[in-house]
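Q: Please take me closely through the binding site in this model, and then outward from there into the parts around it. I would like a connected account rather than a list.

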Amino acid sequence: MDTPGKTIKCKAAVAWAVGKPLSIEEVEVAPPKAHEVRVKVIATGICGTDDHVLTGSFPKVNYPVIPGHEGAGIVESIGEGVTCMKPGDKVIPLCLPQCGECASCLKPNTNCCLKTHLLEPQNLMPDKTSRFTCQGKLVHHFLWISTFSEYTVMPDSTVVKIDDGAPLDKVCLFGCGFSTGYGAALNTAQVTPGSSCAVFGLGGVGLSVVMGCKAAGASQIIGIDINKDKFVTAKELGATECLNPLDYKKPIQEVLVEMTDHGVDYAFEVVGCLDTLTAALASCHMGCGVCVMVGVPPLGSRLSFDPMLLFTGRTLKGSFIGGWKMKDSVPQLVSSYMEGKFKPDILITHTLPFSKISEGFDLLHAGKSIRIVLVF
Ligand code: COD
Ligand code: ZN
Ligand code: ZN
């Protein structure tokens with residue numbers, strides 16, 4: 001079909017309002033404007049953050065909206081001035097832009113591009129209009145990339161070309177979950193060989209942290225989760241022990257401090273909960289332990305803990321999408337994957353047709369999946 005320059009009608013999952021389930025609709029997707037790219041999405045993961053959009057607990061979202069931010073696809077057409085990709089290229093949309101021009105992009109040591117949704121909401125394209133309509137109504141973008149649509153438009157700062165041979169139904173995980181966890185261990189914590197690590201929360205992101213700790217050469221990797229079904233995969237990926245806090249009478253941080261000779265070198269919070277964040281910090285070794293916060297805290301929450309935990313030399317750091325400058329790093333991660341350096345495929349417990357997206361969310365809620373990938 002000759003689609004460039006024309007509006008495309010296709011299927012998308014629309015969240016009409018907070019608390020409403022996604023509904024599959026026919027939407028119109030306008031052609032890309034200058035410095036924009038229209039992508040045919042081939043596969044998209046479901047991430048916990050998409051669920052937060054449905055419940056209204058993700059900040060600064062406007063409804064109706066098409067969620068989805070862990071996709072991979074093929075460029076259908078490009079707007080004026082796009083030089084970094086062409087129709088037919090395989091690409092991964094990025095949930096964090098790398099504009100290459102802002103103060104953060106120009107610093108070598110941060111990936112927090114100032115075009116992030118958290119500073120400048122990405123519910124409309126940069127020219128403040130939407131490329132999506134449904135039943136005559138404007139539909140908003142999500143993080144500029146809205147991968148729960150068969151076709152989607154995004155700025156060229158938030159999509160990157162990848163290896164032509166990459167399997168899109170696997171490498172879609174590099175758009176969010178895998179990169180977030182793996183990078184937290186390698187970039188943010190900079191885990192050292194022979195060290196001890198504790199990973200709180202063994203979902204798709206926590207298991208990617210486990211993979212990162214193992215790749216960095218940690219000798220002890222302790223997985224912690226209240227759902228023991230997660231332990232088999234965690235051990236397969238490199239966890240040396242797994243603990244369920246519900247099996248102990250004393251707080252889990254005390255158990256960890258005892259079993260690691262005064263605490264771990266690195267602890268990661270990958271649940272998105274303030275209690276587990278405090279427990280992770282308290283399980284770090286006095287004087288040198290580093291606690292990395294990966295999970296998004298509840299909206300509007302405030303943290304309270306004994307400041308002596310920091311005074312006595314522990315470090316608390318945040319990790320934003322694994323610390324990767326995404327345009328530079330995602331193609332390299334895909335290449336490393338193609339060379340067999342890591343196997344995030346094991347995280348994909350279910351692959352479903354896009355039409356079964358609601359079933360995918362049901363599996364997510366039931367805790368019966370690690371990552372669900374939808375294919376168009
Ligand atoms: N103690 C230990 N484990 C727990 C506890 C607890 N008290 N409560 C729940 N858990 C376990 C669950 O059983 C589950 O296995 C795991 O924690 C959470 O896993 P999932 O599968 O629900 O979630 P993930 O791994 O896909 O994502 C978790 C995050 C916390 C990383 C995610 O929700 C998040 O906050 N992501 C933000 C990272 C980011 O930067 N995102 C931007 C785009 S998404
Ligand atoms: Zn995500
Ligand atoms: Zn930038």
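**The site of ligand 1 and its surroundings**

A: Ligand 1 is surrounded by 25 residues, and the closest of these are Thr49, Val205, Asp225, Val296 and Arg371. The model is a predicted one, and the distances that follow should be read with that in mind.

Polar contacts give the clearest view of how the ligand is held in place in the model. A polar side-chain atom of aspartate 225 is placed 2.7 Å from an oxygen atom of ligand 1. The backbone also takes part: an N or O atom of the main chain of valine 205 lies 2.9 Å from an oxygen atom of the ligand, and for glycine 204 the corresponding backbone distance to a ligand oxygen is 3.1 Å.

Aspartate 225 leads on to a further residue, asparagine 244, which, once its neighbours within four places in sequence are set aside, is in contact with Asp225, Ile226 and Phe231. Asparagine 244 sits in the loop between strand 12 (241-243) and helix 7, and it counts as buried because its relative accessibility is 8%, under the 20% cut-off.

The two zinc sites come next. For the zinc ion (ligand 2), the protein donors are Cys47 through SG, His69 through NE2 and Cys176 through SG, at distances of 2.1 to 2.3 Å. The 4 donor atoms around this ion subtend angles of 98 to 125°, and the arrangement is therefore tetrahedral. Along the chain, the donors of ligand 2 are spaced C-x21-H-x106-C. Cysteine 47 belongs to the loop between strand 3 and helix 1, while cysteine 176 belongs to the loop between helix 3 (168-171) and helix 4 (177-189), so this pair ties together parts that are 129 residues apart in sequence. Both of these cysteines are shielded by the protein: cysteine 47 is buried at 6% relative accessible area, and cysteine 176 is buried at 7%.

The zinc ion (ligand 3) is coordinated by the SG atoms of Cys99, Cys102, Cys105 and Cys113, at 2.3 to 2.4 Å. Its 4 donor atoms make angles of 104 to 116°, and this site is tetrahedral. For tetrahedral coordination by four donors the ideal angle is 109.5 degrees. The donor residues of ligand 3 follow the spacing C-x2-C-x2-C-x7-C in sequence. Since cysteine 99 lies in the loop between strand 5 (90-93) and helix 2 (103-106), and cysteine 113 in the loop between helix 2 and strand 6 (132-134), the pair ties together parts that are 14 residues apart in sequence. Cysteine 113 is buried, as its relative accessibility is 0%.

Helix 1, which borders the loop that carries cysteine 47, also appears in the packing of helix 11. In helix 11 (residues 357-365), the buried residues include Ile357, Gly360, Phe361 and Leu363. These cover an arc of only 155° around the axis, which means that they are on the same side of the helix. The buried residues of helix 11 pack against helix 1 (48-55) as well as strand 1 (8-14), strand 2 (23-29), strand 3 (36-46), strand 16 (348-353) and strand 17 (371-375). After helix 11 comes glycine 367, which has a positive phi, near 70°.

The loop that runs between helix 1 and strand 4 deserves attention for its backbone. Proline 64 is found in this loop, which leads to strand 4 (71-78), and a cis peptide bond, with omega about -10°, joins tyrosine 63 to proline 64. Lysine 60 is placed in that loop as well, and it has a positive phi of about 60° despite not being a glycine. With a relative accessibility of 42%, lysine 60 counts as partly exposed.

A second non-glycine residue, aspartate 261, has a positive phi of about 55°. Aspartate 261 lies in the loop between helix 7 (252-259) and strand 13 (266-269), and at 57% relative accessibility it counts as exposed.

Alanine 280, finally, is placed in helix 8 (residues 274-282) and is buried, at 0% relative accessibility. Apart from its neighbours within four places in sequence, alanine 280 is in contact with Phe200, Ala267 and Cys291. The C-alpha atoms of alanine 280 and glycine 56 are separated by 27 Å, and the two residues are 224 residues apart along the chain.

Methods: Residues are numbered from 1 along each chain as its sequence is written. Chains are lettered from A and ligands numbered from 1 in the order in which they are written. This is a predicted model: local features need pLDDT of at least 70, side-chain atom pairs count only at pLDDT 80 or more; totals for chains, interfaces and linings use all residues. Side-chain values use heavy atoms; hydrogens and water are left out. Donors are N, O and S atoms within 2.8 Å of the metal (3.2 Å for Na, K and Ca); water is not among the atoms, so sites may look incomplete. Four donors count as tetrahedral if all angles lie between 85 and 135 degrees; four count as square planar and six as octahedral if opposite donors are over 155 degrees apart and all others between 65 and 115; anything else is irregular. Helices (H or I, at least four residues) and strands (E, at least two) are DSSP runs, numbered from the N terminus. Buried means under 20% relative accessible area, exposed over 50%, partly exposed in between (1.4 Å probe, protein chains only). The arc is that of the directions from the helix axis to the C-beta atoms. Contact means heavy atoms within 4.5 Å. A residue is near a molecule or strand if one of its heavy atoms lies within 4 Å of it. A polar contact is a pair of N or O atoms within 3.5 Å; within protein, one must be able to donate a hydrogen and the other to accept it, and residues adjacent in sequence count only if both atoms are side-chain atoms.
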